[in-house]
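Please open the model in your viewer, with the sequence panel beside it, and follow the stops below in order.

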Amino acid sequence: QRVADLWASFDDHSEDEFLARMESLIAELGEDSARGAFERASAFDSTGHPDQAVPLYRRAIELGLDGGLRRQAVIQLASSLRNLGQPSESVELLTAERGREADELDDAVNAFLALALVDVGREREAVSVTLEALTPHLSRYQRSLANYARLIAE
């Protein structure tokens, strides 16, 4: 709860203050905590340090981060890699993630995948992924748009 409260007050802190408070909370979890590595990575990422976040996201996943937090870590890792000029790895991670069990983060996976696809020069596929993600949210034209999305990618 204290970590959630800190995130909720993110804009109320300077970068240094936020990172120090997060470090204090993470220290309580121990050095081999997957959750601790994830929160540290997220803190670095959110304060504009994706280069420091990437190895921590990898460590969190390696340490067994699971459930929704694992999926968040993959999305955030892929986004950071893309921002660091490694969109191909971002595409790989997010494409694999699309094959996992569906949840409330499916649209986020697709949105970040579309961005990465644009960065690797696969714009038509990016539009297709975006349309596929948007289609279930429409009240009409779902079948038509699903077909168009498929045709664009071919």
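In which helix does Pro50 lie? Select residues 50–62 and you have helix 4, the element in which Pro50 lies; helices (H or I, at least four residues) and strands (E, at least two) are DSSP runs, numbered from the N terminus.

Before going further, note that this is a predicted model, in which local features need pLDDT of at least 70 and side-chain atom pairs count only at pLDDT 80 or more, while totals for chains, interfaces and linings use all residues. Residues are numbered from 1 along each chain as its sequence is written, and side-chain values use heavy atoms, with hydrogens and water left out.

**Stop one: Pro50 and its surroundings**

Stay on Pro50, which counts as buried because its relative accessible area is 16%, where buried means under 20% relative accessible area, exposed over 50% and partly exposed in between (1.4 Å probe, protein chains only). Now add Phe44, Asp45, Ser80 and Leu84 to the selection: Pro50 touches these four, leaving aside residues up to four places away in sequence, and a contact here means heavy atoms within 4.5 Å. For a distance across the chain, pick Asp12, which is 38 residues from Pro50 along the chain, with 21 Å between the two C-alpha atoms.

**Stop two: Arg59, also in helix 4**

Move along to Arg59, which is found in helix 4 and counts as partly exposed, at 29% relative accessibility. Showing Glu31, Asp32 and Ala37 brings up the residues that Arg59 touches, again not counting residues up to four places away in sequence. Ser24 can be picked as a reference point, since it is 35 residues from Arg59 in sequence and 19 Å away in space, C-alpha to C-alpha.

**Stop three: the largest pocket**

Which residues lie nearest the centre of the largest pocket? Select Val3, Ala4, Trp7, Arg35 and Glu39, which hold that place among the 18 residues that line the pocket. On a 1 Å grid over the protein atoms alone, a pocket is an open set of points where a 1.4 Å probe fits, with protein on both sides within 12 Å along at least five of seven lines, and lining residues have an atom within 4 Å of a point. Colour helix 1 (2–8), helix 3 (34–46) and helix 5 (67–83), each of which supplies at least two residues of the lining; the largest share, six residues, comes from helix 3. The volume of the largest pocket is about 300 Å³, counted as the space filled by probe spheres set on the points, with grid points joined across faces, edges and corners.

**Stop four: Glu132 and Tyr141**

Go next to helix 8, where Glu132 has its place; with a relative accessible area of 36%, Glu132 is partly exposed. Apart from residues up to four places away in sequence, Glu132 touches Arg98 and Ala149, and the C-alpha atoms of Glu132 and Ala149, although 17 residues apart along the chain, are separated by 6.1 Å.

Then select Tyr141, in the loop between helix 8 (123–134) and helix 9 (142–153). Tyr141 has a positive phi of about 70° although it is not a glycine, and its relative accessible area of 58% makes it exposed.

**Last stop: the whole chain**

Finally, zoom out to the chain, whose secondary structure comes to nine helices and zero strands. Its C-alpha atoms fill a box of roughly 50 × 30 × 30 Å, taken along the principal axes, and buried residues make up 37% of the 154 residues. Among contacts between residues at least 6 apart in sequence, 47% join residues at least 24 apart.
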